[in-house]
Amino acid sequence: MYNIIGKKIKRIDGYEKVTGKAIYGDDIYLKGMLYAACRYTDIPAGKISKIDISEAKNIKGVEAIALYKDIPGEKRLGPIRKDQYAIIKDEVFYSGDVIAVVAAQTKDITYAACEAIKVEYKSYTSVNNPEDSIKPETRLIHPEFKSNVVVHYPLVKGNIKQGFEESDHIIERVYKTGFVEHAYIEPESVTVIPDPTTKGYKVYGSIQNPYTTRKTVALFMGLNLNRINVFGSTLGGSFGGKDDVINMMACRAALLAKITDKPVKLTNTREDSIKESYKRHPYIMKYKAGFNKNGKLKAMKIDILADSGAYSSQSFFVTWRSVVQATGPYEIENIQTDIKAVYTNNCYTAAFRGFGSPQIIFAQESLMDEIAEICGISPLEIRQINGYGQGSITASGQKLSGHKVSLLQVIKEAVKKSNYKNQIKKFQELNKINKRYKLGIGLSCSFRGCSLGAEGTDATSAIVSVQADGSVYVLAGLNENGQGLRTSFCQIASEVLGVDIDKVVFLEPQTATITDGGPTVASRSTLMGGKATLQAAEEVKKVIFKVIKKDLKVENIEDTIWAKGFIKKNKPAENIKPIKFEDAAEKAYGAGLNLSAYGWYSSPEVSWEESTGQGNAYFTYVYGCQVAEIEVDTFTGKINILNITAAHDVGKVINRLGAEGQIFGGVAQGIGYGVLEDFNIQNGEVKSNNFDEYLIPTIKDINHIEPVLIENPDKFGPFGAKSLGEPTLELTSAAINNALAFATKKRSYQIPLTLEQVFLGKNLKKPSRQSEDIHLSKNKKLSPKISNIKITTPASLDESIDILNKKKCKILAGGTDLIIRLRMKSEQQELLNIYNLPQLKGITENNSGISIGSLVTFSEIIKNKIIVTNFPVLVKACSLIGSPQIRNRATIGGNIVNAAPCADAVPPLILYNAKLILKSQKGTREIKIQDFIIKSYQTKIKPDEILVSIKVPKPEKKYYYSYFQLGRRNALNITRMSISAIVSLDKNNLVEECRLVDGSLFSHSQRLTVIEDLITGKELNNIIISEIEKPLFELINREIGNRWSSEYKMPVFINLVKSVLKDIKDKIGKS
Amino acid sequence: MINLKFKVNGKEVAIKVEDSKRLLDILRDELGLTGTKEGCGIGECGACTVIMNGDAVCSCLILAGQLQNAEIETIENLERDNILSNLQEAFLEYGAIQCGFCTPGMLMSAKALLDKNPHPTEEEIKTALEGNLCRCTGYIPIIDAVKNVLDKY
């Protein structure tokens, strides 16, 4: 039994995180420090003909501008192949390349200076499709390497030709996955401080792998490793992402620190971060499988093309993991796998949680379900027939032994916990009844090599140091990324020494104080670093044992128990008292013994033969199985994830709280990967450049996740622990895809399973929103940031109108939209801040209706009793806007005047015949809301007018209502489409009045009068509802038939209109 | 430049700042309250959430000129006399934190909810936190933590 291993332990770095005291990269402030920013390229590929910094360098407050020529050391960088530049010379490889870096006294000056650097280019045709990249006629992205192919790994086992000949069935499928952004919530930040004592630099920041950063900066600066000391700040998420990108940033900041001899901080905006940082590799995967009619796999041929983007970075290692694992956890005699990574002018791709496994698992596990279907067996049976068991031989010819091959065990546990078999029956029954919402259940499983395997050196360090009072320090050569490594390592020291974890302190790491422990990657921390910590703690324990063995009258350390701060004999003897740990420590210290020990754990041997792809790739493996239960709205293609059961063999749980946390977090990222995260890059230009475009799951997109932790202790890990972080993510998308096939009886071969992918079977290109503003702005702004504004705050409405009469101002109300748009503007903006004017607030009621002040917020609207009673559609629509933070500030007036086609308050106001009251010095006028909005972002407001209030007449009769809003997620949506509907009946129960208003469909919301007229005077029944289809199609086709989105929007909108009418019909039926 | 008077965590603040400064910049750069984080700058992630006059808001979407006489509460106000609030304790106990970068905003959204509604349903918790993105925890431990905060927090 263990003291603390396996229990739920609160994280030791939690206190500073819940109090806001933890210091993250951008929280660092030093007196006299300078702020840096990057001058990014304007184009994704081309040759620079001129860089003009003359204007920028004369801006007051600019202290340095650094270019390629200023680099003191190695100009070409990269973790494996040197093909990357922290500052480019004259060749542009992708849209995140940096041409110059600026340091100035304030952030604003720095950005202004970047804008002032003028660059001239000759553009190349950007190479963006990896299939084009390998064509012989394609321009070489890095001509010095003679080929656009970065790496090619072959793997051959058995005789593939013979395998196919012996197969009863052969199927071929092509699977595709896209770029994925890490989307750590903390954008990258690095601060470099000149250090006169070492004649080098101290580097602080959001750094995942401090030793890699040290090596890169040392090379770039032309210094020895011991001149660079890297301190990790608290890291705001990484997931593999804060490696190469932060190393490049650290180089730039170091160069500026050298030039200015001052501390320099470089922090990315979110847009810079998404533009510059690397992504998960998109894969195109061609699978050909041969199998017997009973489902036994005979042969598999796999060809994979990975987009490495502009640089090779980690592509060598990412694709290597894929080649080892591409056939999944199945024993197949005959295999041929070829994987190539190729250069393009896209964002470069590198490490991301999963590291080459999520892509192939999506393909492989989708394929397995299809094979099962062809053979008429269940998804479970196909895996039982082919799955690895003890002693199985992998694709690379490795015999799985020396650890428990628990594939079938994890499948069994996942199936049991999810009640898989019963759920299948239940879902099949329910799907017979429900025409619209279909339920689906699917599973996926995997094996995963632990740690780095044959990638390269795999060793790590830890120090455990006991102080004279019995307190303990732990240091490690690995880094806390948020995953909980500090807590696990302190638990291990606490377990070995028998001291309370509160007595153990994890020291802030710096590269100068402990040997290079390799990168914190590959789910290797607990396994490798935990083992190093264990070794160090055991060394110290032995030293302490020397001074107490006499007192305890024992010979061997095995005869003692170290727990709860005491050391005692394991066979208690009356006359021998347990010794307090602190007394033992003091005694050992007094005896002049060294109470610090170095743990160094080097991995067991692995092997790899490059030409054949054969070898013992990893020294141990983990196994996992996930079951996804989903609901699909077949009217819209929207997937709702109901439950994910995740069963993982972890060897041994160290911290149960942390282990479950890994599952929750990894599965959530897997849901994002499978369903939401559609990175949009077109012709090398990043379109989804912030979280309004790149959608990660919100709290409402995650329902239930059931973690199942299975323990088969491994001989190599501390207490038997292996890996967990990455397996949790890699399985989810495949399970969801299989559940989708169950629900809809249609298979998808591409993720993410966006609305369009599910509904149409293909993805559609999205438009840009704020990115459009960036690109279309006359004075194109490189980094969106608010600068150059002037605010006037009038005391009254009259004063406001007076000011508007005299000069052109933008009106600032809640600001939730305007402030975002201000970030794109360089020219000065004058704002009239009316937010606190009492005349524009409040909701009042009179006989005919209500008056809503233009400054009433959405939060006020949705809790107002009069509105709730009389205008339910308005309440419904407003409650779905943004988030509480937005609804607390955003005003109904702002929503109307802004006139976005997706403005959610507008359709219900049109529905309820609202009128707007506008005031200027010339007087007051009233206008119907539908007459006010001309088209997208255009209204009839005059420059000197203010929208004062909105008058909405009270409904004079009973209306039945229905509303549906479609968003890509379940919260924080920009409405994809909405439909608002009310219907009243005459005394014969025929439709007396019908009003229908679209949202986000036409260029501005409008009544669907053609449909309203069709329904009016009739009984609302299924026949009439189906009759609307044709005229509605004609209406939409006329208005938006040519748009990129119409292929999806037209049929879906028709479905939605029919469904709200059906909903009203049902409500009538019930009343 | 604007002369501003407002309250932060119960204390009067009087400063002169540029018109283009956001509440987030003022807290972090002028007042040294770096517990409030910037994640996106466009109100989409909630890392910069503070409580303004009783309501959760994104401090990246409030301009200096809109702060006159406002009352602001930030993460730095949650721990009193070195004692963590029950809400903070619950976050620790349920594992609602990993990297911790979203945590201050998440806690402020949760506090804004609990200040008004001490016994929220799960749905109310989700709605209150729907504007706060977390990339590490999968949200489930966060919901559990908020659910289990007792009457006093």
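**Helices, sheets and a chain contact in a predicted model**

Let me begin with a pair of helices in chain A, where helix 33 of chain A passes helix 34 of chain A in a right-handed crossing. Please keep in mind throughout that what we are looking at is a predicted model. In general, two packed helices are described by the angle between their axes and by the distance between those axes. Here helix 33, residues 1029-1040, and helix 34, residues 1046-1070, of chain A pack at an angle of about 145°, and their axes are 10 Å apart. If you would like to find the contact on the screen, helix 33 of chain A contributes Glu1029(A), Leu1032(A), Phe1033(A), Ile1036(A), Asn1037(A) and Ile1040(A), while helix 34 of chain A contributes Ser1046(A), Lys1049(A), Met1050(A), Phe1053(A), Ile1054(A) and Val1057(A). Sorted by character, the residues of this contact are eight nonpolar, two polar and two charged.

Let me turn now to the sheets. As a reminder, strands of a sheet pair through backbone hydrogen bonds, either parallel or antiparallel. One open sheet in chain A has three strands in the order 29-31-30, with parallel pairing. Why is one side of strand 29 and of strand 30 of chain A left without a neighbour in the sheet? Strand 29 (789-792) and strand 30 (810-812) of chain A stand at the edges and each has a single partner strand, so one side of each has no neighbour there. From one strand to the next, the twist averages 35°. Strand 30 of chain A is joined to strand 31, residues 829-833, of chain A by three bridges, and within strand 31 of chain A it is Asn833(A) that serves as the bridge partner of Leu812(A).

Another open sheet of three strands in chain A has the order 4-2-6, and its pairing is antiparallel. Its edge strands are strand 4 (91-92) and strand 6 (118-123) of chain A, each of which pairs on one side only. Strand 2, residues 46-52, of chain A pairs with strand 6 of chain A over six bridges, and Lys50(A) has Glu120(A), in strand 6 of chain A, as its bridge partner.

Finally, we come to the contact between the chains, which takes 66 residues from chain A and 60 residues from chain B. Which helix of chain A gives the most to the side of chain A that touches chain B? That is helix 17 of chain A, with seven residues. The residues on this side of chain A divide into 26 nonpolar, 27 polar and 13 charged.

Technical notes
Residues are numbered from 1 along each chain as its sequence is written. Chains are lettered from A and ligands numbered from 1 in the order in which they are written. This is a predicted model: local features need pLDDT of at least 70, side-chain atom pairs count only at pLDDT 80 or more; totals for chains, interfaces and linings use all residues. Two strands pair if DSSP finds at least two bridges between them. Helices (H or I, at least four residues) and strands (E, at least two) are DSSP runs, numbered from the N terminus. Axes are lines fitted to C-alpha atoms, for helices over the stretch in contact, and angles run from 0 to 180 degrees between N-to-C directions. A crossing is left-handed if the near helix is turned anticlockwise from the far one by less than a right angle, and right-handed if clockwise. Two residues are in contact if their C-beta atoms, placed from the backbone, lie within 7 Å. Ala, Val, Leu, Ile, Met, Phe, Trp, Tyr, Cys and Pro count as nonpolar, Asp, Glu, Lys and Arg as charged, and the others, Gly among them, as polar.
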